[in-house]
Amino acid sequence: MSERDVDDHPPQEKRGADRLRDAARTHVYDNKQSQHDSPAGNKYIGECSALWSDGVYRAHRPEIHDDFHEAQELKDELQENVGGQEQYRRICSIAIPRLILPIQILIVIKVMILGGGWTSSRESATRPGWLFTATKLVNPFFALLDAEFAHRLAVLAASQHLLPKEKRPDPDVLGLEIWGRKFRNPVGLAAGFDKNAEAVEGLLGLGFGFVEVGSVTPMPQEGNLKPRIFRLPKDGAIINRCGFNSEGIVVVAKRLGAQHGKRKLEETTSTLPSSIDEAKQGGKAGPGILGVNIGKNKTSEDAAADYIQGVHTLSQYADYLVINVSSPNTPGLRKLQGRKQLKDLVKRVQAARDEMQWAEDGPPPLLVKIAPDLSKQDLEDIAAVSLNLRLDGLIISNTTLSRPDPVSSHPLAKEDGGLSGKPLFDLSTIVLREMYILTRGRIPLVGCGGISSGEDAYKKIRAGATLVQLYTAFAYGGPALIPQIKVCRSLILLAMLLTNIYNCTINIVKLLL
């Protein structure tokens, strides 16, 4: 650089450097300015960067080099500070509009509940379920939200009792008794919705006959990376690869313990005959039956030890337990469905359950949840293990890795994960019917997969199911779907037929004895 180049920079730029240094120091150390005047800060950052791009000051003006060196350090600090403020503002610009809609939704739900509470207190037995129907108005708003965020919001609403409560009695013919437990109706909520047992009471209050929480893992784990839930609304389907995201058995046990204690306190303090009758019809968590679905941690090398830990910690709060060996989103999990692996696993878990001390009602029944993507040989092996070990039941089925029509042509079909919803119905029902034949009707089966109407529930029961579970259709249809299924004429007629057959069988047995 020539001497002329150096001399071309007038003394006022030295004063500019002083001004820049002082200004930067002011904006860095003056908390008020640095926190609330980011446009001015950006202006000085720009000036500082422009001056530093001219190397003449660094190379040929040692008398101001120190000043600019200090200014550069202040500039870096200011850049970090102002950048943080700008990032904060950007976050707010994105987050606040996203939060406004959920808050509005919760307000609408709360207003509905308040109105419903007034109505229910006056005409709880005869008033039409307009409140359940009104929840359909909220569904389009949830559809605008991110799928996992909408799910969290729904669980929050249920946990805070912002959902309607079913006060109308179920048809008597829908009631049934299995495993010594009385179900007020055969329609339940599958595992995966309330993973951490946050909203059991609110979900049972919607009118489900039973609710299954989980899957719960021994140690907390985040699950797979987001995004991991993908909606296919036109097909009534969802693809998820959550990967057993769970708060762990300790947190879930505390929640279930608190709910169980509350339930016991209500039973002992209540003097109303109706409350006592309701308690007899219900389970350990309320008027309905509570199932706990147990999973293994992703990094665990001993799967059986994980399931045993879950049994030891959570079985005292469960009306039934489920060993989940069929999630497609945990590496190696489905290998546990093999004949030898499943036999060893079930034997160890049964032994762990039976060695515990139980009251008169005995230990909770143990079920296994299987996949729909199984060969004929796989199904025969599972049926053989179930019969030989006297397994209490099977849930058929989990999500599928296949992409049946019309999902196969959907752009999201390439996403990894399990498919649930309407496209799963036929596949899961075929497996259900086959398993009923293989087990000769000796093991209670729970039909799960693609149920979205009373007719679907009717078909599952015709195929061999004793109970049925919803999930994806409930996510799309909301609380209004539950009473629609329970009042389905075909389902009620089938329940009446099965009740008559059961009563006739009992009478014949009594005559023979």
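# Exercises on a predicted model

**Exercise 1. What span should the 16 residues of helix α14 have, and what is the distance between its end C-alpha atoms?**

Helix α14 covers residues 339–354, and at 1.5 Å a residue its 16 residues should span 22 Å. In this predicted model, the end C-alpha atoms of α14 are 22 Å apart, which agrees.

**Exercise 2. Find the buried residues of α14, and work out how they are placed around the axis.**

Step one: list them. The buried residues of α14 are L342, L345, V346, V349, Q350, A352 and R353.

Step two: look at their directions. These residues lie on the same side of α14, because they cover an arc of only 160 degrees around the axis. A general point helps here: an α-helix has 3.6 residues a turn, so residues three or four places apart point the same way.

Step three: see what covers them. The cover over the buried residues of α14 includes α13 (303–314), β8 (320–324), β9 (366–370) and α15 (376–388).

**Exercise 3. Describe the surroundings of strand β10 (residues 393–396).**

Start with the two faces. G393 and I395 are buried on one side of β10, while L394 and I396 are buried on the other, so both faces are covered.

Now turn to the partners. β9 runs parallel to β10, and 4 bridges join the two. Opposite I395 of β10 stands K369. To get from β9 to β10 the chain passes through α15, making a right-handed β-α-β crossover.

β10 also runs parallel to strand β12 (residues 445–448), with 3 bridges between them. There, I395 has V446 of β12 as its bridge partner.

**Exercise 4. How are the rings of W179 and F183 arranged, and how are those of F208 and F474?**

Begin with the total: the count comes to 7 aromatic pairs. For W179 and F183, the ring centres are 6.2 Å apart and the planes stand at 65 degrees; planes over 60 degrees apart count as edge-to-face, so this pair is edge-to-face. W179 and F183 are both buried.

Next come F208 and F474. Their centres are 5.4 Å apart and their planes are at 75 degrees, so this pair is edge-to-face. The pair links distant parts of the chain, 266 residues apart: F208 sits in the loop between α10 (200–204) and β4 (210–216), and F474 belongs to helix α18 (residues 472–477). F208 is buried with a relative accessible area of 0%, and F474 counts as buried at 5%.

To finish, look for a cluster. W179 and F183 join F210 and Y320 in one aromatic cluster.

**Exercise 5. W179 and R390 each have a positive phi: where does each lie, and is each buried or exposed?**

W179 is not a glycine, yet its phi is positive, about 55 degrees. W179 lies in the loop between β1 (176–178) and β2 (181–183). With a relative accessible area of 18%, W179 is buried, because the cut-off is under 20%.

R390 is not a glycine either, and its phi is also positive, about 55 degrees. R390 lies in the loop between α15 and β10. Its relative accessible area is 70%, and R390 is exposed.

**Exercise 6. Locate the cis peptide bonds that join K226 to P227 and D405 to P406.**

The bond between K226 and P227 is cis, with omega about 0 degrees. P227 is found in the loop between β4 and β5 (229–232).

The bond from D405 to P406 is cis, with omega near 0 degrees. P406 has its place in the loop between β10 and β11 (418–421).

Conventions
Residues are numbered from 1 along each chain as its sequence is written. This is a predicted model: local features need pLDDT of at least 70, side-chain atom pairs count only at pLDDT 80 or more; totals for chains, interfaces and linings use all residues. Side-chain values use heavy atoms; hydrogens and water are left out. Rings of Phe, Tyr and Trp (its six-membered ring) pair if their centres lie within 6.5 Å; planes under 30 degrees apart count as stacked, over 60 as edge-to-face and the rest as tilted. Buried means under 20% relative accessible area, exposed over 50%, partly exposed in between (1.4 Å probe, protein chains only). The expected span of a helix is 1.5 Å times one less than its number of residues. The arc is that of the directions from the helix axis to the C-beta atoms. Contact means heavy atoms within 4.5 Å. Two strands pair if DSSP finds at least two bridges between them. A crossover is right-handed if, with the strands pointing away from the viewer, the path from the first strand over the helix to the second runs clockwise.
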